Amino acid sequence: MDYLSYYGLNESPFLIAPNPRFLYMSAQHRAALAKVVSRLQTRQGLSVVYGAVGTGKTTVARWLHDRLNEDPSGLYIARTIYNPGFRRENQLLRVILREFGAEDLARTLDGNLALLQGFLQREVVEGDRTVVLIIDEANLLPAALLEFLRQLLNFENNEFKLLQIVLVGTDELRAKIQRKPALASRARSVSTLEPFDAEDLGRMIAYRASVAGRERPLFTPAALAALYDISEGIPRTAINLCEYALEAAFVDEATIVDEGHIRQATDGVEQGRPRGAREPSVPLLAGTGRQP
Ligand SMILES: Nc1ncnc2c1ncn2[C@@H]1O[C@H](COP(=O)(O)OP(=O)(O)OP(=O)(O)O)[C@@H](O)[C@H]1O
Ligand SMILES: [Mg+2]
């Protein structure tokens, strides 16, 4: 029997991929997303979501992307750039245009700006759609490109902005935006994803397990308390530990993951693999798509 069926799971609940299906909506996530969505609905231009490393920024970006594109109204066109390692304006603009489906791009920046304007005119002004550009890891954008995005926010009519931009990034992004008052003052919605408190961390773990098919508790309260202490509420750290702890519990033939398994997992994460893993080390979770 493999570990998944042993624990009544249909799939692994603790893969670190930012899969929006596993997103647990804590009060802060709900508030942050509601704020962004309401600004998008009124087309007010710029929203920003900050968060420290591993707090769920990419998951939130994906959730928003899916939620908008699947909106029953069919009136949202959302595209996401996940790794904006660009240096030049025209480079970024060409990627944006391609994301929105443009085929014949211009060579010059002005030519591409005209293409974007034409696209927004058709979709937003004539088609009444809301066009949203989400940029994850926006902290990677050089200051000049943040300034360029500010210019794109100038496409507007009397009532609203034609292009909606959602920037998602770390504190480095916050510092960059704060150095640009013209951009900072345009941010109509600013939220920050904080690490979870102990209660929400426990709920997030239970939620992920339930998405994977397990309704009964998978971790003892003491295990969850240890998990919170060690992870300090950072989702990625906690999920990583859960994966290892589950392996350790399986090796132990335990029916539930206890505090000892979390401690073993902590050692395992530090050493690169779980201490309980059998020799020779055939990956226990091989074939589940687990990332190293
Ligand atoms: N609210 C949540 N509910 C369930 N899982 C979450 C939640 N927030 C984050 N996670 C999980 O934590 C892990 C890290 O999330 P994610 O990659 O989105 O973080 P990030 O802030 O983008 O990290 P980085 O700063 O490294 O880019 C993922 O496995 C993700 O599924
Ligand atoms: Mg990320």
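This section describes the overall fold, the domains, the nonpolar cores and the ligand shell of a predicted model.

The chain contains 12 helices and five strands, and its C-alpha trace extends over about 65 × 35 × 35 Å along the principal axes. Of the 292 residues in the chain, 37% are buried. Among the contacts with a sequence separation of 6 or more, 73% are accounted for by residues 24 or more positions apart.

Two domains are assigned, domain 1 covering residues 22-193 and domain 2 covering residues 196-277, and their C-alpha centres are separated by 35 Å. To the contact between them, domain 1 contributes six residues and domain 2 contributes 11 residues. On the side of domain 1 that touches domain 2, two residues are nonpolar and four are polar, while no charged residue is found there.

The largest nonpolar core comprises 41 residues, within which V49, L64, V132, I134, V166, L167 and V168 touch the most other members. When residues up to four places away in sequence are set aside, V168 is in contact with V49, K57, V60, A61, I134, I135, D136 and A138. A second core, separate from this one, holds 29 residues, including I239, A249, F250 and I262.

Ligand 1 is surrounded by 21 residues, of which G56, K57, T58, T59 and P235 are the closest. One of these, K57, is also among the residues touched by V168. By residue class, the shell around ligand 1 is made up of nine nonpolar, nine polar and three charged residues. Both domains take part in the shell, since at least three of its residues come from domain 1 (22-193) and at least three from domain 2 (196-277). Among the helices, α3 (57-69), α9 (198-211) and α11 (235-251) each provide at least two residues of this shell.

Two of these shell-forming helices, α9 and α11, were examined further. For α9, a rise of 1.5 Å a residue over its 14 residues predicts a span of 20 Å, and because the C-alpha atoms at its ends are 20 Å apart, the expected and computed values agree. The buried residues of α9 are D200, L201, G202, M204, I205, R208 and A209, and the buried residues of this helix pack against α10 (221-231) and α11. Just beyond the end of α9, G213 adopts a positive phi of about 110°.

The corresponding calculation for α11, with 17 residues at 1.5 Å a residue, gives an expected span of 24 Å, which agrees with the 24 Å that separates its end C-alpha atoms. Most of α11 is covered, with 14 of its 17 residues buried. After α11 comes E253, where phi is again positive, in this case near 55°.

Helix α10, one of the two helices against which the buried residues of α9 pack, includes D229. This residue counts as exposed, because D229 has 12 C-beta neighbours inside 10 Å, and a residue is classed as exposed when 12 or fewer lie within that distance. Although D229 and A198 are 31 residues apart in sequence, their C-alpha atoms are 8.5 Å apart in space.

Terms used: Residues are numbered from 1 along each chain as its sequence is written. Chains are lettered from A and ligands numbered from 1 in the order in which they are written. This is a predicted model: local features need pLDDT of at least 70, side-chain atom pairs count only at pLDDT 80 or more; totals for chains, interfaces and linings use all residues. A residue is near a molecule or strand if its C-beta atom, placed from the backbone, lies within 6 Å of it. Helices (H or I, at least four residues) and strands (E, at least two) are DSSP runs, numbered from the N terminus. Ala, Val, Leu, Ile, Met, Phe, Trp, Tyr, Cys and Pro count as nonpolar, Asp, Glu, Lys and Arg as charged, and the others, Gly among them, as polar. Domain bounds come from an automatic or database domain assignment. The expected span of a helix is 1.5 Å times one less than its number of residues. A residue is buried if 20 or more other C-beta atoms lie within 10 Å of its own, exposed if 12 or fewer, and partly exposed in between; C-beta atoms are placed from the backbone. Two residues are in contact if their C-beta atoms, placed from the backbone, lie within 7 Å. A nonpolar core is a set of buried Ala, Val, Leu, Ile, Met, Phe, Trp, Tyr and Cys residues joined through C-beta atoms within 7 Å.
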